[in-house]
Amino acid sequence: MGMSGKLMVGNWKMNGSLAANAPLLSDILNGMGDVNCRAAVCVPAPYLAQAQNLLAGSALDVGAQDVSAHESGAYTGDVSAAMLRDFAVRFAIVGHSERRQYHGETDAVVAHKAQRALAAGITPIVCVGESLAEREAGQTEAVVKRQLAAVIHTNGHCISEIVVAYEPVWAIGTGLTATPEQAQGVHAVLRAQLQAATAHADRVSILYGGSMNAANAVVLLAQPDVDGGLIGGASLKASDFLSMLKAASR
Ligand code: PEP
């Protein structure tokens, strides 16, 4: 079991607009009265200022969806961890499967992104997960351990400061969800790997992600090593996201 209290994080991906974000965020805030889990939304970079303004002083934290592996300089298009900090960003997703797949991010790049985030006081949400072919080939454990090992290797004793998200690639945006047993099985493997690296592995929240919704959240969150969720599609509707925050508040 990770740090006390569940952590629920919305990943908006490349969705939203100034006009649509404002009512979405205010509807979420207005419904959070009886929510007692930790919560954040990872918004597209151009909307960080809007999110910072609308969420200032609230129980909903601001997150980013990526961070540069470099500190500053000639990296056109990149956004540095220090820049994210300027907008009160608390979390940054690193190594999402869509970044690994469409932007060629390697385990080493992901590890350096996590390192930049940590150095700026931002909690990296490190995503790991196997493809369908890898699961069918019996490689799930080996894949997620290899992905996490790179981050452990680069970040040393800071590793207890990260958040891990187990996101089976075959479950992201597909409507297919890992069973609670499948999720718990991988989460236990990741917990053991963290325990071998730090005396504070119990502080690391291990989130599940992949077609989590209001209906399946309760049973997934009931697993002993599922400390919260990373939520894509269902975080774009205030009522769905709020149902999941409430499921995490029991
Ligand atoms: C994600 O992209 O992190 C995710 C879990 O997406 P979805 O919930 O839409 O499957």
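Which atom of the ligand does a backbone N or O atom of Gly233 lie 2.9 Å from? In this predicted model, the partner is an oxygen atom of the ligand. Gly233 isn't the end of the story, though. A backbone N or O atom of Ser211 sits 2.8 Å from an oxygen atom of the ligand, and a side-chain N or O atom of Asn11 is found 3.4 Å from a ligand oxygen. On its own, the ligand has 290 Å² of accessible area, and the protein covers 95% of that.

So much for single contacts; now for the surroundings. There are 14 residues around the ligand, and those that come nearest are Lys13, His96, Glu167, Gly173 and Ser211. Sorted by character, this shell has eight polar residues, four nonpolar ones and two charged ones.

Next comes helix H7, which runs through residues 140-155. With 16 residues at 1.5 Å each, H7 should span 22 Å, and its end C-alpha atoms turn out to be 23 Å apart, which agrees with that expectation. Quite a few of the H7 residues are tucked away: Thr140, Val143, Val144, Gln147, Leu148, Ala150, Val151, Ile152 and Asn155 are buried. An α-helix has 3.6 residues a turn, so residues three or four places apart point the same way. What lies over the buried residues of H7? The cover includes the helices H4 (97-102), H5 (107-119), H6 (132-136) and H8 (180-197), along with the strands E5 (123-128) and E6 (163-166). Right after H7 comes Gly156, with a positive phi near 50 degrees.

Helix H10 (residues 238-247) can be read in a similar way. Its buried residues are Ala238, Phe241, Leu242, Met244, Leu245 and Ala247. Among the elements covering them are the strands E1 (7-11), E2 (38-42), E3 (60-64) and E8 (228-231), plus the helices H1 (18-30) and H9 (217-221).

Finally, there's a loop residue to look at. Thr198 is placed in the loop between H8 and strand E7 (206-209). Is Thr198 buried or exposed? Its relative accessibility is 11%, and because buried means under 20%, Thr198 counts as buried. Leaving aside residues up to four places away in sequence, Thr198 touches Ile159 and Ser160. There's a polar contact here too: a polar atom of the Thr198 side chain lies 2.8 Å from the backbone nitrogen of His200.

Methods: Residues numbered from 1 in each chain as written. Predicted model: local features only at pLDDT ≥ 70, side-chain atom pairs only at ≥ 80, totals over all residues. Heavy atoms only, no water. Helix = DSSP H or I, 4+ residues; strand = E, 2+ residues; numbered from the N terminus. Expected span 1.5 Å × (residues − 1). Buried < 20%, exposed > 50% of the residue type's maximum accessible area, 1.4 Å probe, protein only. Contact = heavy atoms within 4.5 Å. Near = heavy atom within 4 Å. Polar contact = N/O pair within 3.5 Å; in protein donor to acceptor, adjacent residues only side chain to side chain. Areas by Shrake-Rupley, 256 points an atom, 1.4 Å probe, with all protein chains shown as cover. Nonpolar A, V, L, I, M, F, W, Y, C, P; charged D, E, K, R; others polar.
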